[in-house]
4 protein chains.
Amino acid sequence: MKQNSFAVIGGDFRSVMAAQQLAEAGFSVRAYGFDNTCALPSDVVLTDTLNEALSHSFYMILPLPALAPCGTKINTPLYSGEILVDDFIKLLPRECFVLGGMLKNPLTEYLKEYHIPFSDYFLREEFAVANAVPTAEGAIEIALHETPYTLCGSSCLITGYGRIGKLLAKDLAALGASVTVCARRPESLAWIQANGFTASSFAHLEENISTYDIVFNTVPAPLFCGEMLRKIRKDTLIIDLASKPGGVDFEDAARLGLNVIWALSLPGKCAPKTAGAIICDTICNIIRETEVGV
Amino acid sequence: MKQNSFAVIGGDFRSVMAAQQLAEAGFSVRAYGFDNTCALPSDVVLTDTLNEALSHSFYMILPLPALAPCGTKINTPLYSGEILVDDFIKLLPRECFVLGGMLKNPLTEYLKEYHIPFSDYFLREEFAVANAVPTAEGAIEIALHETPYTLCGSSCLITGYGRIGKLLAKDLAALGASVTVCARRPESLAWIQANGFTASSFAHLEENISTYDIVFNTVPAPLFCGEMLRKIRKDTLIIDLASKPGGVDFEDAARLGLNVIWALSLPGKCAPKTAGAIICDTICNIIRETEVGV
Amino acid sequence: MKQNSFAVIGGDFRSVMAAQQLAEAGFSVRAYGFDNTCALPSDVVLTDTLNEALSHSFYMILPLPALAPCGTKINTPLYSGEILVDDFIKLLPRECFVLGGMLKNPLTEYLKEYHIPFSDYFLREEFAVANAVPTAEGAIEIALHETPYTLCGSSCLITGYGRIGKLLAKDLAALGASVTVCARRPESLAWIQANGFTASSFAHLEENISTYDIVFNTVPAPLFCGEMLRKIRKDTLIIDLASKPGGVDFEDAARLGLNVIWALSLPGKCAPKTAGAIICDTICNIIRETEVGV
Amino acid sequence: MKQNSFAVIGGDFRSVMAAQQLAEAGFSVRAYGFDNTCALPSDVVLTDTLNEALSHSFYMILPLPALAPCGTKINTPLYSGEILVDDFIKLLPRECFVLGGMLKNPLTEYLKEYHIPFSDYFLREEFAVANAVPTAEGAIEIALHETPYTLCGSSCLITGYGRIGKLLAKDLAALGASVTVCARRPESLAWIQANGFTASSFAHLEENISTYDIVFNTVPAPLFCGEMLRKIRKDTLIIDLASKPGGVDFEDAARLGLNVIWALSLPGKCAPKTAGAIICDTICNIIRETEVGV
């Protein structure tokens, strides 16, 4: 049945893994936008043409991000050719459902114009939660790699107690680090204490900043600049996990000789198999909810 | 300065502890609505009359709940006398701020009518978060007390992954229990897995319910009734932590000979000192936000 | 086959549970020294006479402790009658293996004289390790019950880092307590730090003792007496887990108005089912090693 | 006073860090056997001659290992010159105490002959315990780096429950991995269960080996060879932490295309600062015990 058929169009190793998981779950999966050398699993059919992939499928899976920076092509880092958004739109069957990550214009405009249902899995809360796991583990890998001492016994600061901050605090404390989390909202401070960590407000950050061996920033706001940067010890490692524009004045930090690592997109880099499984799981959640009309 | 003065009017041991903490923080604290035998700390002044307490204070602290069940008296379990809401209102100074828990009519109507600012600390998110700690510890104390086996090695189910479910899962797993958490929303299931527990949907609950040694319910909905109750093993302990009406058909469970404990208001019962400190902390948060005009 | 047959003679609920577990493992199990009201499981045969139990069995399971304080009777707290050691010895078949806890004279002398093989499961290291779990959980239950505050956020001291100290430190830290462990040997201090706790030497104990909310003693030596006792805060809870003579000068502590709880034999009291399973597991280990000639 | 003076002779970055820590603790520290470029801390005096370092010091700190493979020179990886053991011996003052790691002949023979007291810090139990922390963290860094999935949700096997196995099990479980530990002795199996992990005996290892994503071996015995190797999945990562000869038939594993990493000497590689601090701490313990005559 066509309703159980997926076309995975472009993407990196995460898309390959998502294709594999869908096939393992018993779905019919076609792929396009990958070179022959990509080692797709045997039960995923790499089609010769885009049309072949799309015309036999109901669910169209676009990568994360769905589009190349130019905005007119699908994002196909594992493909020596190219897929124009225009071509993709033209070849879409009348009945289909498009699922992609970070969907944007002109693609979404087209889809609306042609009344094609679509969903952006990147916007789903469970997607963000699940990806916080590889992000936290990636941050720990960086910390282990970059420091000449053990995390056990080290003094770590985490700024922000959102998804990544929560998991990072748990993991670092379990490894024996002394963990302080800096947050703004009273309920965040209550959670930090309830979980057994030291809670700190941003008001007291500057006076204590020199006591930390490692600083993990998760707040996408200019927190580490000016005076704050000058109070940080030279041997403190700063790992900035905040999405653009980040939370560190990188140029100033470089001038001061601080060791700052801006760690972006860790899930795809550190745990692409898990990241692909998360895409697959989120897609399945979206489909299930659509089916039952939630 | 009057602005730094508190009147603590009625309440149980939590109010006594809140009064003590406020006094230790350097505030001037008067108390009324407690018998002499209550062992108030020496720096809290137990006044002879209600007027004496109110007229010298700016912040009026009412207990949790603020009113006795009748609704016309302040809740004063540690006082052999009584305090009528009418009297309390009449004696309030023109300038004051009333802070209480579970405030309701006619008290709130009066306060609005007389343009007296007030705030219900029970409605604050950080209050609920902080109280989840003594609730989870109280639930663990019950489980330790009621079972002839260790939590280490036991198989525990938690239904619901809100504040209490989150802390309970963490604590039980740390003690060596195998922890399954049942939740509805995809992001809750993602969090459960991210934290290393087994996630289960309610759809599969009935078929697995007989595998659990202890069930902790935190969902205030009729979950454990009918067929579900009949699938629970006779030696399974059920601890219902959900507020009224609870999640268990208690009568039916009793008929079936199941061991159900409905554990309500654990913070005040198991850790009144902590519960009092939480009231004090939340009051201070409210006052701070009012001052800075947040 | 007789080699797979067990006689469980006397004991408390732990013996009942051990009998049940042996029966569930497929062995033939006879029991004697229990009243009819003991609710033995249906596949354990309560015999009418001691001879009936012993003559059909190869493994003779005595309780913990095996003997009543007088030394001449088997320890039978769940039996209105009595079993003389002399009778037990006389009725033992020529070929058998006696397993008991805290075996002592005259029983062991008899067994040696008659060349009857025997083993004391109480002396096995894995028995002691496994029983540290219910002991630690029992200590936590006491701490939860006796304190008006939560363990989360409390400051706990553990003296000694043996079996119980290790598990207690892990559990308390996981519940959010700040955990300091006091030990003597450098390798113990290294382990304490490796596990992420604060290590302290006994030399600094007295100067810091007033900072702890709860003290768990596991050292069977006179640690808490004289000056040390006088430095402990009146609201500190002391839980002494050390076997006789304990580590606290109880009389002096009582004079000082300190809250001391001497918690002995927690496994049998708090988790008899687990304690019975541990007896059963240890017996099976002993038998297996005897068979393979380890 | 000379008794408070140290000569740090040769070694890698760990020796540099040990020298720094000793200086920070207030001792007088001379160093020899390092190039000028080694960035020794300012309060450590890099002497021009070996004699200058030795003649002013009481405690002589040799590196880990103390000798170069040839056995006739001190191990000086950060020095472009060389230090002959013969010269070291000749220049030793009459009163001194030599502390080194993995001391062996001819050095120890000399020391005995000249009645010079010495101690091997590598043989101390607290040294081994403390070094298990950087070893476990190094193993986790390797696992994070080498796998395309997260440790959270992965299935990990640890063979052996000694120092490294204990810490690794704790850390991996805390990160959300499912942890099985394989051990031989009944008390080890009891500890594994008491700590909340899955215990497995070696008898059942081969039948379950294909279920694990990552295998951490800590047993220095030929465990992973022959049939066992053939049952391991091709995508399983094997990290061998056992000292020589290791626990894996590396050649056979390579033939089978298995991913095996033999991770030796992780403390010095992954956390040299911590490893240096451990040397310093152990030295201080030895000196303290010598002084008080323990």
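The contact between chain A and chain B takes 14 residues from chain A and 14 residues from chain B, two residues being in contact if their C-beta atoms, placed from the backbone, lie within 7 Å. On the side of chain A that touches chain B, α5 (125–146) and α7 (186–194) of chain A each supply at least two residues; helices (H or I, at least four residues) and strands (E, at least two) are DSSP runs, numbered from the N terminus. By class, this side of chain A comprises 10 nonpolar, 1 polar and 3 charged residues. Here Ala, Val, Leu, Ile, Met, Phe, Trp, Tyr, Cys and Pro count as nonpolar, Asp, Glu, Lys and Arg as charged, and the others, Gly among them, as polar. Of the interface residues of chain A, 100% are also interface residues in chain B, so the copies meet through the same surface.

The model is predicted: local features need pLDDT of at least 70 and side-chain atom pairs count only at pLDDT 80 or more, whereas totals for chains, interfaces and linings use all residues. Residues are numbered from 1 along each chain as its sequence is written, while chains are lettered from A and ligands numbered from 1 in the order in which they are written.

A turn of 180 degrees and a shift of 0.0 Å along the axis lay chain A on chain B with an RMSD of 0.0 Å, the superposition being by least squares on the C-alpha atoms of residues with pLDDT of at least 70 in both copies. The two copies are therefore related as by a two-fold rotation axis.

Chain A also meets chain D, with 19 residues of chain A in contact with 19 residues of chain D. The side of chain A that touches chain D draws at least two residues from each of α5, α6 (163–174) and α12 (272–292) of chain A. The most is given by α5(A), with 7 residues. This side of chain A divides into 12 nonpolar, 3 polar and 4 charged residues.

Within chain A, domain 1 (2–123 + 272–292) and domain 2 (132–263) are distinguished, with bounds from an automatic or database domain assignment. Their C-alpha centres lie 36 Å apart.

In chain C, 6 strands form an open sheet with parallel pairing, in the order β3-β2-β1-β4-β5-β6; two strands pair if DSSP finds at least two bridges between them. Strands β3 (44–46) and β6 (118–120) of chain C stand at the edges, each with a single partner strand, so one side of each is left without a neighbour in the sheet. Strand β1 (residues 5–9) of chain C pairs with strand β2 (residues 28–32) of chain C in the parallel sense over 5 bridges, and S5(C) stands opposite S28(C) in β2(C).
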